[in-house]
Amino acid sequence: MTRLLVIGGSDAGISAGLRAHELDPAIRPLLVVADAYPNFSICGIPYHVSGEVGDWRTLAHRTRDDLGNAGLDLMLDTRALAIDPVERIVTVRTERGNTERLDYDQLVIGTGAVPVRPPIDGLADLGPAEGVHLLHTMDDTFALTSTLDGGATSAVIVGAGYIGLEMAEALRTRGLDVTLVEQLPQVLSTVDTTLGDLVAAELDTHGVTVHTGTTVQRVERHGTGLRVRGSNGFDRNTDLVLVVVGVRPDTALAETAGIALGARGAFAVDRGMRTSVDGIFAAGDCVHTYHRVLDSDTYLPLGTTAHKQGRVAGENALGGHRTFAGSLGTQVLKVFDLAIARTGLREHEAAAAGFQPATVDLSADDHKAYYPGARPIRLRITGDGRTGKLLGAQMTGHLDSAVHKRIDTFATALYHGMTVAEVEDLDLSYTPPLGSPFDAIQVATQAWTRQQRPATAPART
């Protein structure tokens, strides 16, 4: 019987173990989990911090009993220290501090990512006890809520990416005075500036003070609180500092096993999630990701991707031949009453990849204007001017405007390599309270096609 060992108890590791047991119920994968919280939704942390999700336990996709009943054995609070790929042994340190050697026939690594610590003076000397926090694990969450419950009334968030924006909303929901600091010229740099400006306006409407183009240079104690100083004369006293400037792949085990690294220093894997070392697979935020439009590897740490890659790794660890279909970088974010989404390539990304990109920017109503409550959706559609191929889409609109499902339509079109013009022909649902005969996304693709005339375009049939 195959001895399957999995390092990691989050999305990729759990998915790998579940898939393996599903295919062969006689196999009970052993999962080595670094903390005591297997299969928790890290994406849900901001909503627990805000108070919208009251009981942190509900963030678990499955309880420990659920995982056991699903065929998984767990070693919690256990950290993998080294891999011997010749003897096929993983050395671990258990919750009691003991060192053990675990043998395996096939190994799946799903160690995920770790927070980036920017070079801020004083940051290394301060921690949760002083009100300075990172946010990536459940333990980080408990430390943060302890500071909040201790009476914090103000916060400086360093980083205006997805987590920074979600936490700005969460802390405002709790009533804190929130300042958001971003070294880039705009918030949410994963979308174009015109949409990033709309996000900044939404933050301002809800009382979040935003400083872009500003680098935090020093954090220090100041009285009973903290002082944060940065470029452009930024100087703020606060009770709490939250540093969320991104993540990097956790590949500390690579050196011990001789595993090759790829894009952004992540584990290099093929589309079957095999590493360069025989018998070792890897999946999730610790690996590079095949991008369907680029037809190459990149680094895209996303929960949806980790789940899919984990299933591929679990199946192939049992001798299967499944292939990871690839990612498009499809994402959606809620910021107060605004939803922002993207998929595929932006214009500068497409140009760097050798395409001849063209982008159209317009607004279209989310449903027929004569039915009360119609709201505009702002869309940016990028296609290849030579071939007419759809390359990417971005959009933002009110939370009730189904932005997330509309971006999914573009993601589906990208998956199948459709042209921009072909999106216009999709048979989409329509009723006046919810849409239009030509949906907002089709209004945008029609505008893109018109913009390309008289350029040569693929024949329509």
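## A walk from salt bridges to surface

Asp-192 is buried, with a relative accessible area of 10%. That makes a good place to start in this predicted model. Asp-192 pairs with Arg-346 in a salt bridge whose closest N and O atoms are 2.8 Å apart. The two residues connect distant parts of the chain, being 154 residues apart: Arg-346 belongs to the loop between β22 (338-344) and α9 (347-352), and Asp-192 to the loop between β11 (177-181) and α6 (193-205). Is Arg-346 buried or exposed? Its relative accessibility is 9%, so Arg-346 counts as buried, since the cut-off for that class is under 20%.

Side chains of opposite charge can pair when their charged atoms come close. In this model the count comes to 24 salt bridges, and another one to look at is found inside a helix. Glu-22 and Arg-19 both sit in helix α1 (residues 11-23), 3 residues apart, or about one turn of the helix. Their closest N and O atoms are 2.9 Å apart, and they form a salt bridge. The two partners can be told apart by their accessibility: Glu-22 is partly exposed at 49% relative accessible area, whereas Arg-19 is buried at 11%.

Moving along the chain, you will find Glu-315 in a salt bridge with Arg-322, with 3.3 Å between the closest N and O atoms. Here Glu-315 counts as buried, at 16% relative accessibility, while Arg-322 is partly exposed, with a relative accessible area of 31%. Which residues do shared salt-bridge partners join into one network? They are Arg-19, Glu-22, Arg-311, Glu-315 and Arg-322.

Next, have a look at the backbone. Most residues other than glycine have a negative phi. Asn-39 is not a glycine, yet has a positive phi of about 65°. Asn-39 is placed in the loop between β2 (30-32) and α2 (45-49), and with a relative accessible area of 1% it is buried. Phe-336 also has a positive phi, of about 55°, although it is not a glycine. You can find Phe-336 in the loop between β21 (331-335) and β22, where its relative accessibility of 9% counts as buried.

Another loop residue to visit is Thr-111, between β7 (106-109) and β8 (113-115). Thr-111 counts as partly exposed, at 25% relative accessibility. What does Thr-111 touch, leaving aside residues up to four places away in sequence? Its contacts are Ile-7, Asp-250, Leu-253, Phe-267 and Cys-286. The C-alpha atom of Thr-111 is also separated by 9.8 Å from that of Asp-11, 100 residues apart along the chain.

Now turn to a pair of helices. The axes of α10 (residues 403-415) and α12 come within 10 Å of each other and cross at roughly 50°. The two helices are therefore oblique to each other. Where they meet, Arg-406, Thr-409 and Phe-410 of α10 are in contact with Ala-440, Ile-441 and Thr-445 of α12.

The loop leading into α12 takes us to the surface. Tyr-430 lies in this loop, between α11 (420-424) and α12 (440-452). With a relative accessible area of 38%, Tyr-430 is partly exposed. Together with Tyr-370 and Tyr-371, Tyr-430 makes a nonpolar surface patch of about 360 Å².

Note on methods:
Residues numbered from 1 in each chain as written. Predicted model: local features only at pLDDT ≥ 70, side-chain atom pairs only at ≥ 80, totals over all residues. Heavy atoms only, no water. Patch = residues over 30% accessible without salt bridge, like charges linked within 9 Å, V, L, I, M, F, W, Y side chains within 5 Å. Areas by Shrake-Rupley, 256 points an atom, 1.4 Å probe, with all protein chains shown as cover. Salt bridge = Lys/Arg side-chain N within 4 Å of Asp/Glu carboxyl O. Helix = DSSP H or I, 4+ residues; strand = E, 2+ residues; numbered from the N terminus. Buried < 20%, exposed > 50% of the residue type's maximum accessible area, 1.4 Å probe, protein only. Axes fitted to C-alpha atoms, helices over the stretch in contact; angles between N-to-C directions. Parallel < 35°, antiparallel > 145°, perpendicular 65-115°, else oblique. Contact = heavy atoms within 4.5 Å.
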